[in-house]
Amino acid sequence: NMDNIKLIGIRADELTYKLGSVRAGAEKVQLSPTFSRQVRHAVENKGRMFVTLTVKIEGTPERPTPFSVCVTMTGVFYIPVPEEGQAPREAVIAATALLYPYLRAAVTTLTTSALSAPIVLPVVSGTLFPEDAAASGPVS
């Protein structure tokens, strides 16, 4: 039961906006964000879990973008720890879902304050990472 997971705090590890070589023109530039995640547990406190989410929007030499963005945020969570001492996958999925709206808001704020068209990442109703989908069946 993941109702017991609590968000203790959030920090912004990186907020980067860089202007690219290509200017935003008439043609629609396809922005494809990539997401990554790191999960760590406090050694001295097994009930404390750190989840770091990163989103990058960057061009490639073949498909340059008008700018590149990198936002990394870490959430600190309190989780009930089973006797085995390893956080269940459901806790990681729930923590990701709690942290994602903050990441999303930071991307919009960053691009707005850079005086570009604000980037609004999609709302994720399911899971952000494909590997979570397999684990997100009914929790017994």
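This is a walk through the structure above, from its nonpolar core to its surface patch, its salt bridges and two threonines. Keep in mind as you look that the model is predicted.

A good place to begin is the inside. In general, nonpolar side chains in soluble globular proteins tend to be buried together. Here the largest nonpolar core has 26 residues. If you want to find its best-connected members, look for Ile 5, Met 49, Val 51, Leu 53, Val 71, Phe 77 and Leu 103, which touch the most other members. Strand 3 (48-57), strand 4 (67-78) and helix 1 each supply at least two residues of this core, and helix 1 gives the most, with ten residues.

Phe 77 is a handy residue to centre your view on. Leaving aside neighbours within four places in sequence, its contacts include Ile 5, Met 49 and Val 51, three residues that also appear among the best-connected core members. Phe 77 also touches Ala 95, Leu 98 and Leu 99, among others.

Leu 98 leads us to the surface. Together with Leu 7, Ile 10 and Tyr 102, Leu 98 forms a nonpolar patch there, with about 310 Å² of accessible area for the group. Strand 1 and helix 1 each supply at least two residues of the patch. Tyr 102 lies in helix 1 and is partly exposed, at a relative accessible area of 42%. Phe 77 is in contact with two of the patch residues, Leu 7 and Leu 98.

Now for the charged side chains. Side chains of opposite charge can pair when their charged atoms come close. The structure holds four salt bridges. One of them joins Arg 11 and Asp 13, whose closest N and O atoms are 2.5 Å apart. Arg 11 is partly exposed, with a relative accessible area of 41%, and Asp 13 is partly exposed as well, at 37%.

Another salt bridge brings Arg 37 and Glu 131 together, at 3.6 Å from N to O. Arg 37 lies in strand 2 (residues 34-41) and Glu 131 in helix 2 (residues 130-135), so this pair ties together parts that are 94 residues apart in sequence. Glu 131 is partly exposed, at 42% relative accessible area.

Asp 132 meets Arg 89 in a salt bridge of 3.0 Å, N to O. This pair, too, links distant parts of the chain, with Asp 132 in helix 2 and Arg 89 in helix 1 (residues 89-113), 43 residues apart. How buried or exposed are the two partners? Asp 132 counts as buried, at 1% relative accessibility, whereas Arg 89 counts as partly exposed, at 36%. Salt bridges that share partners join Arg 37, Arg 89, Glu 131 and Asp 132 into one network.

Finally, two threonines are worth a stop. Thr 54 lies in strand 3, and at 14% relative accessibility it counts as buried. The side chain of Thr 54 makes a polar contact of 2.9 Å with that of Thr 72. Beyond its sequence neighbours within four places, Thr 54 is in contact with Thr 34, Phe 35, Ser 36, Cys 70, Val 71 and Thr 72.

Thr 16 sits in strand 1 (residues 6-19), where its side chain is joined to that of Glu 14 by a polar contact of 2.6 Å. Not counting residues up to four places away in sequence, Thr 16 touches Ser 68, Val 69, Cys 70 and Leu 110. Cys 70 is thus a contact of Thr 16 and also of Thr 54.

Definitions and conventions: Residues are numbered from 1 along each chain as its sequence is written. This is a predicted model: local features need pLDDT of at least 70, side-chain atom pairs count only at pLDDT 80 or more; totals for chains, interfaces and linings use all residues. Side-chain values use heavy atoms; hydrogens and water are left out. Helices (H or I, at least four residues) and strands (E, at least two) are DSSP runs, numbered from the N terminus. A polar contact is a pair of N or O atoms within 3.5 Å; within protein, one must be able to donate a hydrogen and the other to accept it, and residues adjacent in sequence count only if both atoms are side-chain atoms. Contact means heavy atoms within 4.5 Å. A salt bridge is a side-chain nitrogen of Lys or Arg within 4 Å of a carboxyl oxygen of Asp or Glu. Buried means under 20% relative accessible area, exposed over 50%, partly exposed in between (1.4 Å probe, protein chains only). A nonpolar core is a set of buried Ala, Val, Leu, Ile, Met, Phe, Trp, Tyr and Cys residues joined through side-chain atoms within 4.5 Å. Patches are made of residues with over 30% relative accessible area and no salt bridge: like charges are joined within 9 Å, nonpolar side chains (Val, Leu, Ile, Met, Phe, Trp, Tyr) within 5 Å. Accessible areas come from the Shrake-Rupley method with a 1.4 Å probe; for residues, only the protein chains shown count as cover.
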